[in-house]
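Open the model in your viewer and keep the selection panel at hand. The stops below run in order.

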Amino acid sequence: LLSPAEEKNTARHDRTLTLAQLLSSIDAFLAEEGTFWVLLPFHRIGYFEKESEKYGFHLIQKILVRHSAGHPYTRGILVLSKKYSPTQTTCLEINDANGFYTPAFIALMGRYYLNL
């Protein structure tokens with residue numbers, strides 16, 4: 001949802017840089033052996049996968065993210081490369097049944113969160 005704060009909208013929405021423009025820039029600067037990661041809302045994953053194929057990128061890893069086992073997926077972390085590799089798909093739950101961060105979430109995000 002859009003925020004009343006314009007700076008948040010710029011950071012969280014593709015109103016100033018579309019996903020196609022992002023892919024074009026990555027295509028121009030990514031080394032042949034390089035990879036890139038992108039975090040997207042779950043409903044944008046399919047579009048991004050199809051659009052990335054137009055630039056010759058291959059999906060090498062997909063991490064589907066949800067708050068807990070009882071919730072639907074809300075985000076997707078995609079890892080893409082110009083070099084082909086079979087896609088590995090995994091799921092990441094942020095919280096366990098007791099509401100605590102899961103070990104997998106801590107391992108992935110521990111360096112970015114101060115209180116994990």
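Where is the place of Tyr112? Select Tyr112: its place is in the segment after α4 (103–109). Helices (H or I, at least four residues) and strands (E, at least two) are DSSP runs, numbered from the N terminus.

Before moving on, note the ground rules. This is a predicted model, in which local features need pLDDT of at least 70 and side-chain atom pairs count only at pLDDT 80 or more, while totals for chains, interfaces and linings use all residues. Residues are numbered from 1 along each chain as its sequence is written, and side-chain values use heavy atoms, leaving out hydrogens and water.

**Stop 1: the nonpolar patch**

Stay on Tyr112. Its relative accessible area is 59%, so Tyr112 is exposed. Buried means under 20% relative accessible area, exposed over 50%, and partly exposed in between (1.4 Å probe, protein chains only). Now add Tyr101, Ile106, Tyr113 and Leu116: with Tyr112 they make a nonpolar surface patch of about 500 Å². Patch residues have over 30% relative accessible area and no salt bridge; like charges are joined within 9 Å, nonpolar side chains (Val, Leu, Ile, Met, Phe, Trp, Tyr) within 5 Å. Areas come from the Shrake-Rupley method with a 1.4 Å probe; for residues, only the protein chains shown count as cover.

**Stop 2: strand β2 and its partners**

Select residues 58–66, strand β2. Seven of its nine residues are buried. Add strand β3 (residues 73–81), which pairs with β2 in the antiparallel sense over eight bridges. Two strands pair if DSSP finds at least two bridges between them. The two form a hairpin with six residues between them. Gln61 stands opposite Val79 in β3.

Next, show strand β4 (residues 88–93). Here the pairing with β2 is parallel, over six bridges. Look for Arg66 opposite Glu93 in β4.

**Stop 3: salt bridges**

Side chains of opposite charge can pair when their charged atoms come close. A salt bridge is a side-chain nitrogen of Lys or Arg within 4 Å of a carboxyl oxygen of Asp or Glu. The count by this rule is six.

Pick Lys82 and Asp27, whose closest N and O atoms are 3.8 Å apart. Lys82 lies in the loop between β3 and β4 and Asp27 in helix α2, so the pair ties together parts 55 residues apart in sequence. Lys82 is buried at 17%; Asp27 is partly exposed at 30%. Add Glu32: Asp27, Glu32 and Lys82 are linked in a network of salt bridges.

Move to Glu33 and Lys83, a salt bridge with closest N and O atoms 3.5 Å apart. Glu33 lies in the loop between α2 and β1 (35–41), Lys83 in the loop between β3 and β4, so this pair joins parts 50 residues apart in sequence. Glu33 is exposed, at 59%.

Then take Glu49 and Lys62, with closest N and O atoms 2.9 Å apart. Glu49 is in helix α3 and Lys62 in strand β2, 13 residues apart. Lys62 is buried, at 17% relative accessibility.

**Stop 4: two helix residues**

What does Ala20 touch, not counting residues up to four places away in sequence? Tyr47, Glu51 and Tyr55. Contact means heavy atoms within 4.5 Å. Ala20 sits in helix α2 (residues 19–29) and is partly exposed, at 21%.

Finish on Lys54 in helix α3 (residues 45–54). Lys54 is exposed, at 63%. Draw a distance to Ser68: the C-alpha atoms are separated by 34 Å, with the residues 14 apart along the chain.
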